[in-house]
Amino acid sequence: MPAQLVQIAAAPDLVDQVYRALLDAISGGSLAPGERITQEDLARRLAVSRQPVLQALRLLKKDGFVLDAPGRGLLVAPLDVEWTRKLYQVRGALEVLAARLAAAQRARIDPKLIERGRRAARGRSVEAMIEADVAFHHAIYAASGNPLIAQSAGQHWVHLRRAMGAVLQSVPQRESLWDEHEAIAEAIGAGDVERAAQLSEAHCTRAGETLSMRLAERLSRSGDTA
């Protein structure tokens, strides 16, 4: 006898909307690291029933964004310096692979992405800075011709957004990062596979070290544990 489909309790698109809203709040800091959260309060704030919130929280817990709180309930996962370093190790390997593949095809990375990033770096919107950075790197993933790179990197970017949002405003010389991005794009466009790979590896190493150091300083000042 074929397996029977079980009725879904809440519309999947609503669960996804709640998941995205909560993930954005966690990434943006409005749901702070270590903050206790409850289904009731979140459902009230989002003006939805508890069921989609419950399902969204289960997904967030599986993805490592919320944890069981002491006693009962849940809390937003604390920021973790060592976890951030590990994320950058994996991200760096993917960036190098993407740059190599894109350079082998002499792919053109849209110069408007660089312009957008420089504007964001001169501004005060951390969200705009992060979005510009993500857009640039995803353009390289797309140019690589291997869709698995974007899929794999996407799992790490959602975690990196949290750390970037926490420290990016205080990072000096933000615009110099876009000099590095521009050099990577030029190497890819010129078909210089080795240079594109070297620049990508150096860029990710510097970015990871800087972000981890700033995050450790922030956590030390606030008395949080990492």
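This passage describes one pocket, one aromatic pair and two buried residues in a predicted model. Local features in the predicted model need pLDDT of at least 70 and side-chain atom pairs count only at pLDDT 80 or more, whereas totals for chains, interfaces and linings use all residues. Residues are numbered from 1 along each chain as its sequence is written, and side-chain values use heavy atoms, with hydrogens and water left out.

The second largest pocket holds about 280 Å³ of space. Its lining comprises 13 residues, and Ile-37, Thr-38, Gln-39, Gly-73 and Leu-74 are the closest to the pocket centre. A pocket is an open set of points on a 1 Å grid over the protein atoms alone, where a 1.4 Å probe fits and protein lies on both sides within 12 Å along at least five of seven lines; lining residues have an atom within 4 Å of a point. The volume is the space filled by probe spheres set on the points, which are joined across faces, edges and corners. At least two lining residues come from each of β1 (36-37), α2 (39-46) and α3 (50-62). Helix α3 gives the largest share, five residues. Helices (H or I, at least four residues) and strands (E, at least two) are DSSP runs numbered from the N terminus. Sorted by class, the lining has six charged, four nonpolar and three polar residues. Here Asp, Glu, Lys and Arg count as charged, Ala, Val, Leu, Ile, Met, Phe, Trp, Tyr, Cys and Pro as nonpolar, and the others, Gly among them, as polar.

Rings of Phe, Tyr and Trp (its six-membered ring) pair if their centres lie within 6.5 Å; planes under 30 degrees apart count as stacked, over 60 as edge-to-face and the rest as tilted. One aromatic pair is counted by this rule. Phe-136 and Trp-178 form it, edge-to-face, at 5.8 Å centre to centre with 75° between the planes. Phe-136 belongs to helix α6 (residues 126-144) and Trp-178 to helix α8 (residues 174-189), so the pair ties together parts 42 residues apart in sequence. Phe-136 is buried at 0% relative accessibility, and Trp-178 is buried at 5%. Buried means under 20% relative accessible area, exposed over 50%, and partly exposed in between (1.4 Å probe, protein chains only).

Ser-212, in helix α9 (residues 193-222), is buried at 2% relative accessibility. Apart from neighbours within four places in sequence, Ser-212 is in contact with Val-81, Thr-84 and Arg-85, where contact means heavy atoms within 4.5 Å. Arg-91 lies in helix α4 (residues 81-104) and is buried at 2% relative accessibility. With neighbours within four places in sequence again left aside, Arg-91 is in contact with His-137, Tyr-141, Trp-157, Leu-160, His-203 and Cys-204.
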